[in-house]
Amino acid sequence: MSQGTLIDATLIAAPSSTKNKSRKRDPEMHQAKKGNQWHFGMKAHIGADEQSGLVHTVVSTAAHESDVSQTANLMHGEEACMGADAGYVGAAKREEVVAKLQARAVEMKWRIAKRRKPLKEMAACWQKDLALAYEKLKASIRAKVEHPFHVVKNIFKHKKTRYQGIAKNDAQLNVLFALSNLYMVRGKLCP
């Protein structure tokens, strides 16, 4: 693993049907709003290597958990820089992250995307052009963290949870992301 970590999260839908023995939805899954649409299910948070894009950490939570709350859990402990989308604004100031960094006594570089609204509100000038170019550069680096999600959701067809409860689905996600690592390096493994 390199000295950089990219973090992101994705929603995984759960069956919202109540046509079962208990006539209830899964009590460990929750609703979350993404854009203008509500989703019922869980979130898969991953930490991926900045150079290779391989996943080193997977954390599963209910869908209503915020992305930034899992930042400390997604750090492997050897990184010198972190990249994330705008959902992780303020991650550097969280207590658990600060405590983890103080224990290592390392200065961390944060490459977190800015929110859209402040960029839109900037006056059209060279400073806005420079800010947009910098955001584009950060996004091009951060794009590697999306590849494991593509493999798991589109190639392995894991768009809905298979089991009830977070623990069983977390075990399945760990296996799927391990297999996605193998899938992404298949060209290097086979001569």
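Q: Which ring does the charged end of Arg186 sit over?
A: First, the general idea. A charge sits over a ring if NZ of Lys or CZ of Arg is within 6 Å of the ring centre and within 35 degrees of the ring normal. Here, the charged end of Arg186 sits over the ring of Tyr183, 4.0 Å from the ring centre. Arg25 has a ring partner too: its charged end sits over Phe40, 4.0 Å from the centre of that ring.

Q: What kind of model is this?
A: This is a predicted model, where local features need pLDDT of at least 70, side-chain atom pairs count only at pLDDT 80 or more, and totals for chains, interfaces and linings use all residues. Residues are numbered from 1 along each chain as its sequence is written, and side-chain values use heavy atoms, with hydrogens and water left out.

Q: How many aromatic pairs are there?
A: A pair of aromatic rings is described by the distance of the centres and the angle of the planes. Rings of Phe, Tyr and Trp (its six-membered ring) pair if their centres lie within 6.5 Å; planes under 30 degrees apart are stacked, over 60 edge-to-face, and the rest tilted. By this rule there are two aromatic pairs. Phe149 and Phe177 meet edge-to-face, with centres 6.0 Å apart and planes at 80°. This pair links helix 4 to helix 5, across 28 residues. Helices here are DSSP runs (H or I, at least four residues), as are strands (E, at least two), numbered from the N terminus.

Q: Are Phe149 and Phe177 buried or exposed?
A: Buried means under 20% relative accessible area, exposed over 50%, partly exposed in between (1.4 Å probe, protein chains only). Both Phe149 and Phe177 are buried. Phe156 and Tyr183 form an edge-to-face pair as well: 6.2 Å between centres, 75° between planes. Phe156 is partly exposed, at 28% relative accessibility. Tyr183 is partly exposed at 29%.

Q: How many salt bridges does the structure hold?
A: A salt bridge needs a side-chain nitrogen of Lys or Arg within 4 Å of a carboxyl oxygen of Asp or Glu. The structure holds four. One of them joins Arg111 and Glu50, with the closest N and O atoms 2.5 Å apart. Arg111 lies in strand 6 and Glu50 in the loop between strand 3 and strand 4, so the pair ties together parts 61 residues apart in sequence.

Q: Where do Glu135 and Lys138 lie?
A: Both lie in helix 3, three residues apart, about one turn of the helix. Their side chains meet in a salt bridge (2.9 Å, N to O). Both residues are buried.
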